[in-house]
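Hi,

Here is the structure I promised to pass on. Have a look at it first, and then read my notes underneath.

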Amino acid sequence: MKTYAKGARAEMELIHYLNSKNFSCIRSASSGGDLYPVDLLAIKRGLIIAFECKNHAKKPKLPKDRVDRLKEWCDKAGAIGFLGWRTKNKWIFLQLKDVLENKYEDENWINMEQLLQVFDFR
């Protein structure tokens with residue numbers, strides 16, 4: 001399977017799940033680019049969550065320039081940024097602040113239920 005199709009399918013899976021939790025979601029057509037460094041947005045009651053999504057077998061690690069663009073975009077938009085990783089048929093998330101500090105250790109990742117609890121959107 002081509003990498004783009006695999007990633008797009010995973011992103012759509014996340015969108016459908018978040019939509020079922022009453023988030024309004026959108027997938028960015030030029031994700032990873034200079035102007036739109038996010039793969040998808042989830043919005044609920046004024047809260048904006050921006051995701052950079054990866055569907056890799058190994059734990060993803062973002063290059064510094066991509067992390068910097070994601071932070072800049074989130075700051076401009078007032079969004080909370082996360083790196084989302086689909087691994088072994090589940091999604092886990094790393095806060096942008098941890099990505100910025102290069103804290104990719106397992107204990108810093110949270111699962112979907114924890115993500116929703118953080119924002120009290122179960």
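**Cysteines first**

The sulfur of Cys74 sits 12 Å from the closest cysteine sulfur, which belongs to Cys53, and that is too far for a bond. Before you go on, please keep in mind that this is a predicted model. Cys53 doesn't have a partner either: its closest cysteine sulfur is in Cys25, 10 Å away, again too far for a bond. A disulfide needs the two sulfur atoms within 2.5 Å, so the count comes to zero disulfides.

Are these two cysteines buried or exposed? Cys74 is buried, at 2% relative accessibility, and Cys53 is buried as well, with a relative accessible area of 7%.

**Around strand S4**

Cys53 is also a handy way into the strands, as it stands opposite Gly84 in S4. Strand S3 (residues 47–54) and S4 run parallel, with six bridges joining them. How do you get from one to the other? Helix H2 (residues 64–77) joins S3 and S4 in a β-α-β unit, and that unit is right-handed.

S4 itself covers residues 80–87, and seven of its eight residues are buried. S4 also pairs with strand S5 (residues 90–95), this time antiparallel, again over six bridges. If you want a pair to click on, take Leu83, whose bridge partner in S5 is Leu94. S4 and S5 make a hairpin with two residues between them. Check Lys88 in that turn: its phi is positive, about 50 degrees.

**What's packed inside**

The largest nonpolar core has 19 residues. Which of them touch the most other members? They are Leu14, Leu18, Phe51, Phe82, Phe93, Met112 and Leu115. Several elements feed this core with at least two residues each: helix H1 (3–20), strand S2 (40–44), S3, S5 and helix H4 (112–118).

Leu115 is a good residue to centre your view on. Leaving aside residues up to four places away in sequence, Leu115 touches Phe51, Phe82, Phe93 and Ile110. Apart from the largest core lies another one, of 17 residues, including Val38, Ala50, Val99 and Trp109.

That's what I have for now. Shout if anything is unclear.

Cheers

Methods:
Residues are numbered from 1 along each chain as its sequence is written. This is a predicted model: local features need pLDDT of at least 70, side-chain atom pairs count only at pLDDT 80 or more; totals for chains, interfaces and linings use all residues. Side-chain values use heavy atoms; hydrogens and water are left out. Buried means under 20% relative accessible area, exposed over 50%, partly exposed in between (1.4 Å probe, protein chains only). Helices (H or I, at least four residues) and strands (E, at least two) are DSSP runs, numbered from the N terminus. Two strands pair if DSSP finds at least two bridges between them. A crossover is right-handed if, with the strands pointing away from the viewer, the path from the first strand over the helix to the second runs clockwise. A nonpolar core is a set of buried Ala, Val, Leu, Ile, Met, Phe, Trp, Tyr and Cys residues joined through side-chain atoms within 4.5 Å. Contact means heavy atoms within 4.5 Å.
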